[in-house]
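Grab your viewer and work through these short exercises. Each one has a task, followed by a solution in steps.

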Amino acid sequence: MEDVGKEMKRTMESHNLKQQYQEILKSVYADKDVKEFLKINQNRLDKNAVEKSASKLYEFVNEKKKLSNGNVNFAKGYQPTLILNDHLIDVSYQPTKEHLNLERQKKLAKNFKTVGMTAGIKNVNLDDYDQTADRAVALEASIDFIQSYENNPKSFHKALYLHGPFGVGKTYLLAAVAHRLSDDGFQTLLLHFPSFAVDIKNAINNNQVADKLDSVKKVPVLIIDDIGADSMSTWIRDDILGVILEYRMQHELPTFFSSNFSMEQLEQEHLSTTSRGDIEPLKAKRLMERIKFLAHPIQVSGRNRRNN
Ligand code: ADP
Ligand code: MG
C-alpha cells in the first residue's frame, strides 16, 4: 500500500511527465480533506512536509476517489485517512462503518444460534428494551448476569429462570441477553424447547440425536425457552432434558429458562406427569434440583404484549 504513490511518482518522473505530475498534485492540494488536514496540522508539520509527502497525499486522494466511485480499493472495507508521522504526512487505513457493521453481523451469526425461533428474534436488543416496573427486576438480573459472566466466563454463574404469563416479554428479554452475549463474543444458543423436542425426535431417523444433543449440552450459554409448554415423553424428559441439565450442572455451564410455570408448578404439574400419563414425582424432583442449581427464579409480570 505504501508504494502506490511512490510508484506513480517514479513512473511519471522517469517518463519526464513532470508537467502532468504537477497537474495531479494541484488537484491533490485542492482536495478538501487534504486542505483541512494541512490547516489543522500546520504547526506540527515539517516545513517541506507537503513536498516530501506528495506521494502519500496522492495515494490518499487516489484511494479515496476509487472508494467513492465504488471501485474496490486494495484494502476492501478500509478507507484512507491522513495522519501525522514524524512531522510528515502519512496515510492510514481505517475500517469503514459498513465494514465494521458487516463484521459485527458475522460475529452475531457465528455466536448466536437459535432453534425454533422467528428470524427477527436475533435483532432484539437490550438497548431498545422498553423497561417497565414489572420487568425491572428481570432486566437488572439479566444485566448483572452479563457483567459477571463476561468478567469471568470460566467460573460458574447462576442464570435466570423467568416465569410469568404468556406475552409479558420473557422470550424477548432472553433474546436480548443472547444478542448482547453473542455480540461480545460468547456463543449462545436460544432453544425453543418444544420445537427442539420435535427436532430431536426426527433426528432419530437419520442418526443425529447424539450430535444434536451434544451441541446443546456443550454450548457455552444455553437458553431453554418455554419449558413446560408441551407435555414431554419420558424419553424427552429423561434422556434429552435430563441429560442436558446433568451435563450442564456437572460442567457449571450457564443455563437460562423461561416458562409459563413457576418452578413448583413445573415440577408438580409438568415434569412429574409424562405424555402417557405416568406420574413420577421423584424424577420430577431430580430434574427440578438441576434446574434450581442452574438458575434462580424471577417472576415477570405485566400486560400481554402480544395483543398490540
Ligand atoms: P413471552 O415469552 O413472555 O410469552 P414475548 O417475549 O414473546 O413474551 O413477548 C411478547 C410480545 O411483546 C412480542 O411480540 C415481543 O416482541 C413484544 N415485547 C416483549 N417485550 C418487549 C419489550 N421490552 N420491548 C418491546 N417489545 C417487547
Ligand atoms: Mg416466550
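**Exercise 1.** Find which residues surround ligand 1 most closely.

Step 1: collect residues with a heavy atom within 4 Å of the ligand. That gives 13 residues, and the closest are Gly167, Lys170, Thr171, Tyr172 and Arg306.

Step 2: keep the ground rules in mind: this is a predicted model, where local features need pLDDT of at least 70, side-chain atom pairs count only at pLDDT 80 or more, and totals for chains, interfaces and linings use all residues. Residues are numbered from 1 along each chain as its sequence is written, chains are lettered from A and ligands numbered from 1 in the order written, and side-chain values use heavy atoms, with hydrogens and water left out.

Step 3: sort the shell into 5 nonpolar, 3 polar and 5 charged residues, with Gly counted as polar and Tyr as nonpolar.

Step 4: look for the main contributor. Helix H8 (residues 170-183; a DSSP run of H or I, at least four residues) supplies the largest share of the shell, 3 residues.

**Exercise 2.** Work out which atoms sit opposite the oxygen atoms of ligand 1.

Step 1: check the backbone. An N or O atom of glycine 167 is 2.7 Å from a ligand oxygen, and one of tyrosine 172 is also at 2.7 Å from a ligand oxygen.

Step 2: check side chains. Threonine 171 puts a polar side-chain atom 2.8 Å from an oxygen of ligand 1.

Methods. Polar contact = N/O pair within 3.5 Å; in protein donor to acceptor, adjacent residues only side chain to side chain. Helix = DSSP H or I, 4+ residues; strand = E, 2+ residues; numbered from the N terminus.
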